[in-house]
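Open the model in a viewer and keep the sequence panel visible. The stops below are given as selections, each followed by what is found there.

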Amino acid sequence: MSNRYDHMQYRRSGRSGLKLPAISLGLWHNFGGINSFENARSMSRTAFDLGVTHFDLANNYGPPAGSAEENFGRILDHDLRAFRDELVISTKAGYHMWNGPYGDHGSRKYLLSSLDQSLKRMKLDYVDIFYHHRPDNETPLEETMTALDSTVRSGKALYVAISNYPAEKTAEAARILRELGTPCLIHQPSYSIFNRWIEKDLLATLETEGVGCIVFSPLAQGMLSDKYLGGVPADSRAGGPSGFLNANSITEEKLAKIRALNEIAQQRGQSLAQMALSWCLRHQGMTSVLIGASKPAQIADSVGCLSNLEFSAEELAAIDEIAPA
Ligand SMILES: NC(=O)c1ccc[n+]([C@@H]2O[C@H](COP(=O)([O-])OP(=O)(O)OC[C@H]3O[C@@H](n4cnc5c(N)ncnc54)[C@H](OP(=O)(O)O)[C@@H]3O)[C@@H](O)[C@H]2O)c1
């Protein structure tokens, strides 16, 4: 599609030269070996045609672990490899990936061998962004950050990043990376109307350090939509085998909040999913929201949030009342 860049917004990541789409697509769920490849392919094409240039992976996405990267390699072969220079592809290492002491956490040994494996699975020469997926209190931060720096020096990554790091450790990591000459591009924390921890001090730290912010699970894994208002659909994440969200997560208390939020969204002329994304994007320093999807139509719906990003003080206060910081 020739008009893919007409409507998407691109936002600079921190004080870097790289801009990311305001909406990015994550391949954590629904791109694994257990899922329909044709659906995964169709979601990727839909996203790219809507200007979603950033695809986020990790070594362990699947299931089975590694299969989302393998499938993404196949999707590149079928549809997207010709557009490699128009894509920002990220991957990560930090959670359990293989047995023994070298397939988990934050050692240089784990990070560098994991990135080599990821590149093979996706059949890529380099990724655009390589993340340490979670903090590891047993490995010296200097070792983990030096390993990230090495990935850029070896040409296997263009930028490096961190995920799930608390504010203080983020500042420390950013300082080390700056000294090494490979600035931290972006931080990937969880954030949504239901999960506002980054407002306490992380957002201010990222601003000070000049690091971008791309938030994951901005829809609280789908809870911030109208899909659970009439029960748990069989084709939803809570109705399926995900293990990360189940029917017990959809409590009466949650539903009451979802109902109230849905009313505000309707008054704004948005779906609840769209309002939840616009709400995350209201922060000055927010580079991108990292959505997941199970169907191509959800991606189009989510990207539709961009036509209403403004909130009145009354709307923000009403959301605070329902889901306080
Ligand atoms: N760094 C980390 O530690 C970490 C952790 C988790 C995730 N992530 C990243 O963040 C990405 C997104 O995470 P997530 O999948 O939890 O994000 P999310 O956007 O909060 O939830 C995605 C789910 O919400 C539902 N959905 C999406 N768009 C919808 C719409 N427009 N209307 C109604 N429902 C909609 C779909 O669920 P149904 O299946 O119910 O249709 C979809 O699978 C991951 O793919 C991954 O890249 C990173």
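Start by selecting strand β3, residues 23–26. Both of its faces are covered: Ile 23 and Leu 25 on one side, and Ser 24 and Gly 26 on the other, are all buried. Buried here stands for 20 or more other C-beta atoms within 10 Å of the residue's own, exposed for 12 or fewer, and partly exposed for anything in between, with C-beta atoms placed from the backbone. Helices (H or I, at least four residues) and strands (E, at least two) are DSSP runs, numbered from the N terminus.

Two notes apply to every stop. Residues are numbered from 1 along each chain as its sequence is written. The model is predicted: local features need pLDDT of at least 70, side-chain atom pairs count only at pLDDT 80 or more, and totals for chains, interfaces and linings use all residues.

**The barrel**

Keep β3 selected and add strand β10, residues 288–291. The two pair in the parallel sense over 3 bridges, and Leu 25 stands opposite Ile 291 in β10. Two strands count as paired if DSSP finds at least two bridges between them. Next add strand β4, residues 54–56, which pairs with β3 in the parallel sense over 2 bridges. Here Gly 26 stands opposite Asp 56 of β4.

Now extend the selection to the whole sheet. 8 strands close into a barrel in the order β3-β4-β5-β6-β7-β8-β9-β10, with parallel pairing. On average, neighbouring strands of this sheet are turned by 30 degrees against each other, direction ignored.

Within the barrel, pick out strand β6 (residues 127–132) and strand β7 (residues 157–163), which run parallel and are joined by 5 bridges. The bridge partner of Phe 130 in β7 is Val 160.

**Helices across the strands**

Select helix α4, residues 141–153: this helix lies across β6 and β7 and runs at about 155 degrees to β7. Axes are lines fitted to C-alpha atoms, for helices over the stretch in contact, and angles run from 0 to 180 degrees between N-to-C directions. Then move to helix α5, residues 167–180, which lies across β7 and β8 (184–188) and runs at about 160 degrees to β8.

**α5 against α6**

Leave α5 selected and add helix α6, residues 202–209. Their axes come within 9 Å and cross at roughly 15 degrees. That makes α5 roughly parallel to α6 (angles under 35 degrees count as roughly parallel, over 145 as roughly antiparallel, 65 to 115 as roughly perpendicular and the rest as oblique). The crossing is right-handed, a term used when the near helix is turned clockwise from the far one by less than a right angle; anticlockwise would be left-handed.

To see the contact, show Ala 167, Thr 170, Ala 171 and Ala 174 in α5, which meet Leu 202, Thr 205 and Glu 209 in α6. Residues are in contact if their C-beta atoms, placed from the backbone, lie within 7 Å. The residues of this contact divide into 4 nonpolar, 2 polar and 1 charged. Nonpolar covers Ala, Val, Leu, Ile, Met, Phe, Trp, Tyr, Cys and Pro; charged covers Asp, Glu, Lys and Arg; the others, Gly among them, are polar.

**α1 against α2**

Select helix α1 (residues 37–49) and helix α2 (residues 67–80), which pack at an angle of about 60 degrees with their axes 10 Å apart. α1 and α2 are therefore oblique to each other, and α1 passes α2 in a right-handed crossing. On α1 the contact is made by Phe 37, Ala 40, Arg 41, Ser 44, Arg 45 and Phe 48; on α2, by Asn 71, Arg 74, Ile 75, His 78, Asp 79 and Leu 80. These residues divide into 5 nonpolar, 3 polar and 4 charged.

Stay on α1 and select Thr 46. Is Thr 46 buried, partly exposed or exposed? Thr 46 counts as partly exposed because it has 19 C-beta neighbours inside 10 Å. Not counting residues up to four places away in sequence, Thr 46 touches Pro 296, Ile 299 and Ala 300. The C-alpha atoms of Thr 46 and Ala 297 are separated by 8.4 Å, although these residues are 251 apart along the chain.

**Backbone details in the loops**

Go to the loop between β4 and α2, where Pro 63 lies. A cis peptide bond joins Gly 62 and Pro 63, with omega about -5 degrees. Another cis peptide bond joins Pro 63 and Pro 64, with omega about -10 degrees.

Finish with Asn 30, in the loop between β3 and α1, and His 105, in the loop between β5 (88–93) and α3 (108–122). Asn 30 is not a glycine, yet its phi is positive, at about 75 degrees; with 21 C-beta neighbours inside 10 Å, Asn 30 counts as buried. Phi of His 105 is also positive, near 75 degrees, and His 105 counts as buried with 22 C-beta neighbours inside 10 Å.

How values were computed: Two residues are in contact if their C-beta atoms, placed from the backbone, lie within 7 Å.
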